[in-house]
Amino acid sequence: MNKRAHNFSAGPCTLPLECLEEAQKEFVNYHDTGMSLIEMSHRGKHFVEVANDAMRLCMEVFEVPDEFSVLFLQGGAIMQFSMVPMNLLVPGKKAGYVHSGTWAKGAITDAKAYGDVYIAWNGEQCGYTRMPDSGEIEIQDDTRYLHITTNETIEGIRYPNWPDVGVPLVGDMSSEYMARPVPWEKFDLIYGGAQKNLGPSGLCVVFVRKSILEHTNSHMGRYLRYDVHESKTSMFNTPPVFSIYMLGKVLKWMKKEGGLKVMESRAAEKAGLLYDTIDQSGGYYSCPVDVACRSHMNVVFRLPSEELEQQFLAEAGQNDLMHLKGHRSVGGCRASIYNALPRASVEALCSFMSDFLSRNG
Ligand SMILES: *Cc1c(COP(=O)(O)O)cnc(C)c1O
């Protein structure tokens, strides 16, 4: 195939074509060094420059205040499910978790291995079709932080308003990273795997409030400590050089396209096209999610029967509309429409959906 597929994969996912092509051009002989970037020392001047640029762009594009440091870690977002409580959950304190869906559940499961963890709001009763309002979140005494999953990738829900609960927030933002502005004053830490919006897998980007690093736990291996990574500018050990290099290219692209505000408004427009198609289908397509909490990144929808869903996915594939199958745990369909997915791909999906409805409705 020599054209680009419409790629709705939930992650790893579509990246900007120009970033891929630039990397391709530079790949074998990086800046006339006679070697590839992935073949040279991570402490040499070429890679150090790449890493510094990527860090600077992370802070700039995501509009991060100076009170925070950015860390490049490995182990994906799931590693943070453990590192957050290991570092932040000091003796005598508890952690509250909003149980909003599949990824929140993973974070809760891992945090329980490290301390006193409670569920501050449980979305199980509503089938994970919405996020809580601040007033529904129950914070207990001695709470060190409230963990939220800002966008549940599998259930397709996000917070329309940020929780306001009087304790610091920790956010798993994997699937809407740099797709909307963040009220930094509410957060002590934000993390996410790069492979949903920012680049290839193998890299987790963490923003940590510097002032908390004096009070984190330290009785554990050095790789597991935020303060160690921060003091070494994320060069404590060999970082994932290729992922960081690609992250830098994607961030440069985001900046050139207009930055966070543009990413946010494009996401709202793309999501709007799809939700309109669903809402105007007379119930043929249905989205189980509370309208106010509909994700702008992962649009989930069902057809009238599983047979029709199978047929829909098969025909979509024949039209280069790829990876529309919902997560195996929930079934149905899901279109992940991250920052780099062109609007034209969403338009192609919408017109396919209308066409499918007219043939099979
Ligand atoms: C994908 C995802 C994860 C898991 O990320 P890994 O990088 O694979 O560890 C965690 N949380 C959310 C919200 C996700 O979307």
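Trainee: How do helix α2 (residues 45-61) and helix α6 (residues 241-257) pack, at what angle and how far apart are the axes?
Mentor: In this predicted model, α2 and α6 pack at an angle of about 45 degrees with their axes 9 Å apart. Axes here are lines fitted to C-alpha atoms over the stretch in contact, with angles from 0 to 180 degrees between N-to-C directions. Helices are DSSP runs of H or I, at least four residues, numbered from the N terminus.

Trainee: Any caveats on the numbers?
Mentor: Local features need pLDDT of at least 70, side-chain atom pairs count only at pLDDT 80 or more, and totals for chains, interfaces and linings use all residues. Residues are numbered from 1 along each chain as its sequence is written, and side-chain values use heavy atoms, with hydrogens and water left out.

Trainee: OK, which residues in α2 meet α6?
Mentor: F47, V50, A51, A54, L57, C58, E60 and V61 do; on the α6 side, the partners include I244, L247, L251 and M254. Contact means heavy atoms within 4.5 Å.

Trainee: Switching to α6 itself, how many of its residues are buried?
Mentor: 12 of its 17 residues are buried, meaning under 20% relative accessible area (1.4 Å probe, protein chains only). Among them are W253, Y245 and K249.

Trainee: What do those buried residues pack against?
Mentor: They pack against α1 (17-26), α2, β2 (68-73), β10 (204-209) and α7 (260-279). The β elements are strands, DSSP runs of E with at least two residues.

Trainee: And what happens just after α6?
Mentor: G258 takes a positive phi of about 125 degrees there.

Note on methods:
Buried < 20%, exposed > 50% of the residue type's maximum accessible area, 1.4 Å probe, protein only.
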